[in-house]
Structure formats: C-alpha cells, structure tokens
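Hi,

Here is the structure I promised to pass on. Have a look at it first, then read on for what turned up.

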Amino acid sequence: MKICSYILNTILVVGIIAYIIGIGIHSMDSITISTELDVKKLKSSDLVNFKENQVVEEKQDDLINIQDDVENSVEEEVSKYSQEKECITEEVSSPVEEEVSDVLETQIGSLSGYGPDCVGCSGFLASGLDVRSGNIYYSDSTYGSVRILAGDKSYPYGTIVRVKNSRLSEFIGIVLDRGGAVGFGKSHLFDLLYQTSSEALKNEVSYNTTFEILRYGY
C-alpha cells in the first residue's frame, strides 16, 4: 500500500510540474507570436516609403537653400547693375568740362618803369596817346581799365598782357608805347607807365616776371 501511495504522489507531482511547464511555454509562445506580429506590421514597403520620404524632405531643403542663394545672387547683380547704370548716366549727363586757357603766349623777363616826364620823353606815346596829365590807364572795350605798357615792336598796339610775379599785384596791361631799351634782346621786356619818373624809380625793376599775352592788337 505504501508503494502504491508513493507512486501516485510521484505521478501527481510530475503532473503538476508538467502543467506548470506547459503554462510557461504557452505564455512564451504568445509573447513570441505577438512580437512577430508587431515586427511583421513593419513591412519592407513601409521602410522604403520612410526612406523615400526622408530623401524627399532632404531634397526639398536643398532646393529651398538653392532658391535662396539664387535670389540673393540675383538681388546683388541687380543692385550692382543699378549702381553702374547710375554712374554711367552721371558721366553721360555731366560732360567733362575742359579747361579753356585765354593765354596765347607766355614770356618771362624783367619789368621796368618810366614816367611821361622822363629824360627825352614828350608826354606823347608812340601810339599818339597824350599822357602828360598823368593818366596811366587806358579804357579797353573788352578788358576795361588797364595799365599802359611799352613793349617790343613785334606786339602791335592794343596787345593785352597779363603781368604776374612783379613787385606789384597781378594786373592787366595794354601795349601802347615803344622804348629804346624795351623789347626782345634789350634791357627789359616791358616798361610800365607811372605818373612820374620818381614814382617809377621807387618801384624799381621786377625780375623773373611772367607776361601772358591774351590778345594781339585791338
């Protein structure tokens, strides 16, 4: 009887153990199946679509960046062209002003002085003008009131001369007289008329004076 009871107990224990093991295996199968089902839900086509969508998004970002770069480049070129156009327009609309000189000839020499009462002077100029009253100016139709000069015979009466760098301030003179010591190759290039000889001596001789010829004769 004891042996039979022992065998039954053993069978009972083995059955219980088998039952427990079976339940554990069944639970594991369910988890594995559920996991497999979840994995199967991610089909290969879904993965392809995901990659394609990612590539498309990247391409769209690249296109947006390229479009921005092109727009910025176009704006810079348009701005540069507008600036160049304005410069060209200003150059065309504002013609270059060329400096026009009224100087026909320039000579450098000495300037002396004399008066109508000088030794050997009659008070009349070689051109016939009477200066005995002390009048040292001549009224020219173009240059107005100008000083009277004696000059070389190569300069006809009425020649206008701008005198610079003398003892006097810059002035305009007109050739209306001649002189034995005045002219090219002589003591002085021009001789300036003063009211008296003593006044002329006080101003002395101006050397390295510039004479600009503005007009030949009247």
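Before anything else, one term: helices and strands here are DSSP runs, with at least four residues for a helix and at least two for a strand, and they are numbered from the N terminus. With that in hand, strand β1 is residues 105-114, and it gives the most to the lining of the largest cavity, with 3 residues. Please keep in mind that this is a predicted model.

First, the overall picture. The protein chain has 218 residues, and 26% of them are buried. Its secondary structure comes to 3 helices and 7 strands, and along the sequence these run α-α-β-β-β-β-β-β-α-β. If you take the contacts between residues at least 6 apart in sequence, 71% of them join residues at least 24 apart. The chain exposes about 15800 Å², and carbon and sulfur atoms supply 57% of that.

Now back to the cavity. How many cavities of 30 Å³ or more does the structure hold? The count is 1, and the volume of the largest cavity is about 50 Å³. Its lining brings together Leu111, Ser112 and Gly113 with Ser166, Arg167, Leu168, Leu192, Tyr194, Asn203, Glu204 and Ser206. By class, that lining splits into 4 nonpolar, 5 polar and 2 charged residues.

Two of the lining residues deserve a closer look, and Ser166 is one of them. You'll find Ser166 in the loop between β4 (160-164) and β5 (171-177). Is Ser166 buried or exposed? Its relative accessible area is 16%, and buried means under 20%, so Ser166 counts as buried. A polar atom of the Ser166 side chain lies 3.2 Å from the backbone nitrogen of Leu168, and Leu168 also belongs to the cavity lining. Leaving out residues up to four places away in sequence, Ser166 touches Leu111, Phe171, Ser206 and Thr209.

Follow that last contact and you get to Thr209, which lies in strand β7. Thr209 counts as buried because its relative accessibility is 0%. Which residues does Thr209 contact, leaving aside its neighbours within four places in sequence? They are Gln107, Ile108, Gly109 and Leu111, along with Val163, Lys164, Asn165 and Ser166. Leu111 turns up in the contacts of Ser166 too, and Leu111 is also part of the cavity lining.

The other lining residue to look at is Glu204, in the loop between α3 (197-203) and β7 (206-215). Most residues other than glycine have a negative phi. Glu204, however, has a positive phi of about 55 degrees, although it is not a glycine. Its relative accessible area is 46%, so Glu204 counts as partly exposed.

Asn208 shows a positive phi as well, about 55 degrees, and is not a glycine either. Asn208 sits in strand β7. At a relative accessible area of 62%, Asn208 is exposed, whereas Thr209, in that strand, is buried at 0%.

There is also a pocket to look at. The largest pocket has a volume of about 190 Å³. Its lining has 20 residues, and those nearest its centre are Tyr114, Cys121, Asp177, Arg178 and Asp191. Sorted by class, the pocket lining has 9 nonpolar, 8 polar and 3 charged residues.

Finally, two loop residues with partners further along the chain. Leu129 lies in the loop between β1 and β2 (137-140) and counts as partly exposed because its relative accessibility is 29%. Leu129 and Leu176 are 47 residues apart in sequence, yet their C-alpha atoms are 7.9 Å apart in space. Leu176 is also among the contacts of Leu129, together with Gly123, Phe124, Tyr138 and Ile148, once neighbours within four places are left aside.

Gly185 is in the loop between β5 and β6 (190-193). Where Thr209 is buried, Gly185 is exposed, at 87% relative accessibility. From C-alpha to C-alpha, Gly185 is 9.6 Å from Asp152, with the two positions 33 residues apart in sequence numbering.

If you open the model with one thing in mind, start at Ser166: buried, in contact with Thr209, and part of the lining of the largest cavity.

Cheers

How values were computed:
Residues are numbered from 1 along each chain as its sequence is written. This is a predicted model: local features need pLDDT of at least 70, side-chain atom pairs count only at pLDDT 80 or more; totals for chains, interfaces and linings use all residues. Side-chain values use heavy atoms; hydrogens and water are left out. Buried means under 20% relative accessible area, exposed over 50%, partly exposed in between (1.4 Å probe, protein chains only). Contact means heavy atoms within 4.5 Å. Accessible areas come from the Shrake-Rupley method with a 1.4 Å probe; for residues, only the protein chains shown count as cover. A polar contact is a pair of N or O atoms within 3.5 Å; within protein, one must be able to donate a hydrogen and the other to accept it, and residues adjacent in sequence count only if both atoms are side-chain atoms. On a 1 Å grid over the protein atoms alone, a cavity is a set of points where a 1.4 Å probe fits but cannot get out, and a pocket is an open set with protein on both sides within 12 Å along at least five of seven lines; lining residues have an atom within 4 Å of a point. Grid points are joined across faces, edges and corners, and a volume is the space filled by probe spheres set on the points. Ala, Val, Leu, Ile, Met, Phe, Trp, Tyr, Cys and Pro count as nonpolar, Asp, Glu, Lys and Arg as charged, and the others, Gly among them, as polar.
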